[in-house]
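Notebook open, model loaded. I'm jotting down what I look up as I go.

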Amino acid sequence: MDEPRRPLREDEEISDAFYERPLERTLLYRGRIIDVARYRVRLPDGREAEREVVHHPGAVAVLAVAEDGGRETIVLVRQYRFPLRRTTLEIPAGKLEPGADPLAEARRELAEETGFGAERWRKLGVFFSSPGFADEAMHLYEARGLVPGAPHPDADEFVRAERLTRDEAWAAVRRGEIVDLKTVLALLWWERRGGGERGDPGP
């Protein structure tokens, strides 16, 4: 029999009040990049429920800004995304190898996909792409002082680097060329930082 649902006390910490205790884990799928598991959990009110979780090792993404005499452009990568069955424009990004240093992986991904190195790096933060069903943590970096070089993508990657101004990037969002949330987040950060011409994130 289910226990009665208990309202939250005003003095109760949210982290404790909403905690779901794992009771049982069943691995449903093990892949090259992700694992999928089903959990039986105890809810805060004592009832039980099921949660399906995509486990991912994490990723890195790079807001690479080229500075040309006060005019800034962002380096994006055009590539085909099979799950969407279409080509998208995204900031350089890639899977984080287990135990690897996120900054080192960010440097590697930028060089592989665009050929650029960078003299200055700054970590902007860590965010979760889809916390409702996945634990993928993405480390976002800003790279400046870009140094050109030759790209060397993975054997199964077919990508092309492009540089867009703020206005061009927001126009790509409105056209539906940029539909990737990590890229939109990076554009918002770039917009907030300012410098150069101002973009227009409006409708």
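What phi does glycine 176 take, just after helix 3? I read a positive phi of about 85° there. Before going on, a reminder to myself that this is a predicted model.

**Entry: overall layout**

I went through the secondary structure and found four helices and 10 strands in the protein. Reading from the N terminus, I wrote the order down as α-β-β-β-β-β-β-β-α-β-β-β-α-α. I then checked burial: 41% of the 203 residues are buried. For contacts with a separation of 6 or more, residues 24 or more positions apart account for 59%.

**Entry: helix 3**

Back to the helix that precedes glycine 176. Helix 3 covers residues 166–175, and its buried residues are Arg166, Ala169, Trp170, Ala171 and Ala172. I looked up what these buried residues pack against and got strand 5, strand 6, strand 10 and helix 4.

**Entry: helix 2**

I ran a length check on helix 2, residues 102–114. At 1.5 Å a residue its 13 residues should span 18 Å, and the end C-alpha atoms are 18 Å apart, so the two agree.

Next I listed its buried residues: Pro102, Glu105, Ala106, Glu109, Leu110, Glu112, Glu113 and Thr114. I kept the helix rule in mind: with 3.6 residues a turn, residues three or four places apart point the same way. The buried residues of helix 2 pack against strands 4 (59–68), 5 (71–81), 7 (93–95), 8 (117–128), 9 (137–147) and 10 (159–164). Glycine 115 comes just after helix 2, and I noted a positive phi of about 85° for it.

**Entry: the largest pocket**

How much space lies in the largest pocket? I get about 1,500 Å³. The lining has 39 residues, and the closest to the pocket centre are Ile33, His56, Arg81, Glu136 and Lys182. Elements giving two or more residues to the lining are strand 5, strand 6 (86–90), strand 7, helix 2, strand 8 and helix 4 (181–193). I also split the lining by type, which came to 19 nonpolar, six polar and 14 charged residues.

**Entry: glutamates 72 and 142, with arginine 144**

I picked glutamate 72, which is in strand 5. Is glutamate 72 buried or exposed? Its relative accessibility is 8%, under the 20% cut-off, so I call it buried. I then looked for side-chain partners of glutamate 72 and found two polar contacts: one with the side chain of arginine 144 at 3.0 Å, and one with the side chain of tryptophan 190 at 2.7 Å.

Arginine 144 turned up again when I moved on to glutamate 142, whose side chain makes a polar contact with the arginine 144 side chain at 3.2 Å. Glutamate 142 lies in strand 9 and is buried, with a relative accessible area of 4%. Leaving out residues up to four places away in sequence, glutamate 142 touches Leu63, Arg120, Trp121, Arg122, Leu124 and Arg193.

**Entry: threonine 183**

Threonine 183 is in helix 4, and at 0% relative accessibility it counts as buried. What does the threonine 183 side chain reach at 3.0 Å? I found the backbone nitrogen of isoleucine 91. Beyond four places in sequence, I listed Leu76, Leu89, Glu90, Ile91 and Ile178 as the residues threonine 183 touches. One of these, leucine 76, is 107 residues away in sequence, yet the C-alpha atoms of the pair are 8.7 Å apart.

**Entry: two arginines**

First up is arginine 40, in strand 2 (residues 35–42). I put arginine 40 down as partly exposed, since its relative accessibility is 31%. Setting aside neighbours within four places, arginine 40 is in contact with Arg21, Pro22, Leu23, Glu24, Glu48 and Ala49. I also took the C-alpha separation between arginine 40 and glutamate 52, which are 12 residues apart along the chain, and got 9.0 Å.

Then I checked arginine 85, in the loop between strand 5 and strand 6. Its phi is near 55°, a positive value in a residue other than glycine. Arginine 85 is exposed, with a relative accessible area of 52%.

Key. Residues numbered from 1 in each chain as written. Predicted model: local features only at pLDDT ≥ 70, side-chain atom pairs only at ≥ 80, totals over all residues. Heavy atoms only, no water. Expected span 1.5 Å × (residues − 1). Buried < 20%, exposed > 50% of the residue type's maximum accessible area, 1.4 Å probe, protein only. Contact = heavy atoms within 4.5 Å. 1 Å grid on protein atoms, 1.4 Å probe; cavity = no way out; pocket = protein on both sides within 12 Å on 5 of 7 lines; lining within 4 Å. Points joined across faces, edges and corners; volume = space filled by probe spheres on them. Nonpolar A, V, L, I, M, F, W, Y, C, P; charged D, E, K, R; others polar. Polar contact = N/O pair within 3.5 Å; in protein donor to acceptor, adjacent residues only side chain to side chain.
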